Amino acid sequence: MKQNLQLSIKGTDFKTEILSGLTVAIALVPEAIAFSFIAGVSPLVGLYAAVIMGFVTAVLGGRPGMISGATGAIAVVVMPLIADKGVDYLFPAIILGGVLQIAVGALKLGKFIRLVPHPVMLGFVNGLAIVIFKAQFSQFKIDGEYLSGTPLYIMLGLVVLAMLVIQYLPKVTKVVPSPLMAILLVSGIAIGFGIETPTVGDMASIKGGLPSLLIPDVPFDMETLMIILPFSLKVAGVGLIESLLTLTLIDEITETRGSGNRESVAQGLANIISGFTGGMGGCAMIGQSMINIQSGARQRWSGIIAAVALMAFVLFLSSIIEQIPIAALVGVMFMVSIGTFEWSSLRILNKVPKVDVVVLITVSVVTVIEDLAVAVLVGIVMSALSFAWENAVRIRARKKTDEFGRKHYEIYGPLFFGSATNFFEKFDFKNDPKEVIIDFSESRVADLSGIEAINKINEKYEQYGKNVTFIHLSQDCVDLLDKAKSHIEIDHDHDPHYGVVYDA
């Protein structure tokens, strides 16, 4: 793993890394322009963000092969701020968001992304695949109107050609990544035969200079902080969720493991630099990351080359890049969305628990109609509630009476907030004998709700003038119990040892 995270030359397939990086750079151009329009800023603001985010995270991030840049998720988050306060407030919001992301990485909270349930991951992937697919239809518009007639048929033909090249070229040769060959072939045909079709240049000019240091032109006071803080929190949260989920997805595809904490710090640093150089910030891009991985890139060089190439496009090659037909890039992104969608999830819908199916579909739908962060949070809450319910009904008690007339309750299953009520209902306080023994050797008390349930059991038996003894509780339970502590039988050799979650 350590070697996987280092920028190394040994064993690097530079041809694949370079060609993949160039493919990604070309695919980044229309995305950065489109997201700039969504946010309400100049295309160069999105392009600079793509360069900075891509370069910094490629060098310092926790996932070799993952591509970052200006994204639609961040554009949607900052759009209201720009519309209300102007673009000057965008940059401090991005900078503060970056600081928060670094804090998450420094506190090693990035690892918790691995707690996201698999149905949520599947929903995330499928939802983003649909979002990527849907987003391409906006490219079929000119001046807000959809193409029709011959221009539409020409564009559709070029899109299909690009998709066929991507699908079938790898079966003939893998010398050149199929997405790059598709872009080159479609561009060559369109330019060579003088075919009239929308190009990158029709979206906006990408010509510009090097990004320069920018000090946000806003008052540095508490009022400004209160204005940007809600947006900074969203930038940090949405950016990290999308980045870390993309990292997890690439981990599964490449059968390697990246570092969520390291990626969090790199994303934060990239956003800070982006904010100070006039960029709109961003996060990991699942579409471009999939292009990179599917092209065979596995190291940091592809991301570095993509960022450097994109900067070269802006500085020196804008006139060439602007001639690339949009159809070629739409074809690439259509194939990315098809390849990203987890088609296997459709085959297992009738084979997995219904709650997992509901979570998967819900996350996919919310990702499409709302946004990624909300979708993932909804999925996690649904999965957590399902887990709590399933464990709540698992608690049970085996009952028996010994030769001395004492009633024994042998508890099985976890005792926590979800199962506390069911646990309490297991006991027959009124009809039980004078001596009652409750055995926790096959149970575990997980939180304060479980502790409180034990205290209530003790109080209830005392009301009926009966003596209850609790055995095989952990020392943590004993320490936290209040009224029932005097009724606990301590067995230092056989009592379990585990912690109980509580508010310190």
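In this predicted model, the count of aromatic pairs comes to 15. One of them joins Phe-424 and Phe-429 in a tilted arrangement, with the ring centres 5.2 Å apart and 45° between the planes. The two rings sit in rather different surroundings: Phe-424 has 28% relative accessibility and so counts as partly exposed, whereas Phe-429, at 8%, counts as buried. With the cut-off for buried set at under 20%, that is why Phe-429 makes it into the buried class at 8% and why Phe-424, at 28%, does not.

A second tilted pair is made by Phe-440 and Phe-470, this time with 6.4 Å from centre to centre and 35° between the planes. Since Phe-440 belongs to strand β7 and Phe-470 to strand β8, this pair ties together parts of the protein that are 30 residues apart in sequence. Both Phe-440 and Phe-470 are buried. Stepping back from the individual pairs, these four phenylalanines turn up in one aromatic cluster, made up of Tyr-409, Phe-423, Phe-424, Phe-427, Phe-429, Phe-440, Tyr-461 and Phe-470.

The strands around this cluster are worth a look too. Strand β6, covering residues 407–415, runs parallel to strand β7, residues 435–445, and eight bridges join the two. Within that pairing, Lys-407 has Val-436 of β7 as its bridge partner. Strand β7 also pairs with strand β8 (residues 467–471), again in the parallel sense, over five bridges. Here Val-436 turns up once more, standing opposite Val-468 in β8. To get from β7 to β8, the chain passes through helix α19, residues 448–463, and this β-α-β crossover is right-handed.

Now for the helices. Helix α6 takes in residues 149–172, and its 24 residues should span 34 Å at 1.5 Å a residue; the C-alpha atoms at its ends are 34 Å apart, so the two figures agree. That said, α6 has a kink of about 30° at Ile-166, shortly before the proline Pro-170. Ile-166 is also among the buried residues of α6, along with Met-155, Leu-158, Val-159, Ala-162, Met-163, Val-165 and Leu-169. The cover over these buried residues includes α7 (178–192) and α14 (326–340).

Helix α5, residues 118–135, has 18 residues and reaches 25 Å from its first C-alpha to its last, close to the 26 Å expected at 1.5 Å a residue. The buried residues of α5 include an unbroken run from Pro-119 to Ala-129, and Ile-132 is buried as well. What covers them includes α9 (222–254), α11 (286–294), α14, α15 (344–347), α16 (354–369) and α17 (372–392). Helix α14 thus appears in the cover of α6 and in that of α5.

As for the protein as a whole, it has 20 helices and nine strands. Its C-alpha atoms fill a box of roughly 100 × 55 × 50 Å, taken along the principal axes. Of the 504 residues, 53% are buried. Among contacts with a separation of 6 or more, 81% come from residues 24 or more positions apart.

Note on methods
Residues are numbered from 1 along each chain as its sequence is written. This is a predicted model: local features need pLDDT of at least 70, side-chain atom pairs count only at pLDDT 80 or more; totals for chains, interfaces and linings use all residues. Side-chain values use heavy atoms; hydrogens and water are left out. Two strands pair if DSSP finds at least two bridges between them. Helices (H or I, at least four residues) and strands (E, at least two) are DSSP runs, numbered from the N terminus. A crossover is right-handed if, with the strands pointing away from the viewer, the path from the first strand over the helix to the second runs clockwise. The expected span of a helix is 1.5 Å times one less than its number of residues. The bend at a residue is the angle between axes fitted to the seven residues ending there and the seven starting there. Buried means under 20% relative accessible area, exposed over 50%, partly exposed in between (1.4 Å probe, protein chains only). Contact means heavy atoms within 4.5 Å. Rings of Phe, Tyr and Trp (its six-membered ring) pair if their centres lie within 6.5 Å; planes under 30 degrees apart count as stacked, over 60 as edge-to-face and the rest as tilted.
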